[in-house]
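Good morning, colleagues. I should like to take you through one model this morning, beginning with its charged contacts and ending with its interior.

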Amino acid sequence: MPGDKYEKYGRPEAPTDNDQEFMTVQETAWVLGCSVPTVRRRLAALGITSKPGRRVMTSRADRLALHDAGRVVQKKSIGRPRIRTAA
């Protein structure tokens, strides 16, 4: 069963206005359609921080950077593994 902190901070929540200047991480996750930990990881990877107050807030520019960072797909090698033969 999830704890109280997860219920309060770990779930995406719908913002009152989708076009507002600043949003919490939970509202950002709702708008971007991803999880709160994903938003936090992308914020850390991009070096975006929020100093004042206790809750991390994102601006429109931050959300655009998060969206663009999520669109980058890393190519994985999905072919068959090489079979090494004795030479």
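**Arginine 60 and its partners**

Let us begin with arginine 60, which is partly exposed at a relative accessible area of 38%. Please bear in mind that this is a predicted model.

How many salt bridges does the structure hold? There are two. In one of them, arginine 60 meets aspartate 19, with 3.7 Å from N to O. Arginine 60 belongs to helix H4, residues 60–71, while aspartate 19 sits in the loop between helix H1 (4–10) and strand E1 (23–24), so this pair ties together parts 41 residues apart in sequence. Aspartate 19 itself is exposed, its relative accessible area being 52%.

Arginine 60 also forms a salt bridge with glutamate 21, where the closest N and O atoms are 2.9 Å apart. Here too distant parts of the chain are linked, since glutamate 21 lies in the loop between H1 and E1, 39 residues from arginine 60 in helix H4. Glutamate 21 is partly exposed, at 36%. Through shared partners, Asp19, Glu21 and Arg60 form one network.

I turn now to the interior. The largest nonpolar core has eight residues: Val25, Ala29, Cys34, Val36, Val39, Leu43, Ile48 and Leu66. Helices H2 (25–32) and H3 (36–46) each contribute at least two of these, and H3 provides the largest share, three residues.

Is glutamine 26, in helix H2, buried or exposed? With 2% relative accessibility, glutamine 26 counts as buried. Among the residues that glutamine 26 touches are Tyr9, Glu13, Arg40 and Arg55. The C-alpha atoms of glutamine 26 and arginine 40 are 9.7 Å apart.

Conventions
Residues numbered from 1 in each chain as written. Predicted model: local features only at pLDDT ≥ 70, side-chain atom pairs only at ≥ 80, totals over all residues. Heavy atoms only, no water. Core = buried A, V, L, I, M, F, W, Y, C linked by side-chain atoms within 4.5 Å. Buried < 20%, exposed > 50% of the residue type's maximum accessible area, 1.4 Å probe, protein only. Helix = DSSP H or I, 4+ residues; strand = E, 2+ residues; numbered from the N terminus. Contact = heavy atoms within 4.5 Å. Salt bridge = Lys/Arg side-chain N within 4 Å of Asp/Glu carboxyl O. Lists of a residue's contacts leave out its neighbours within four places in sequence.
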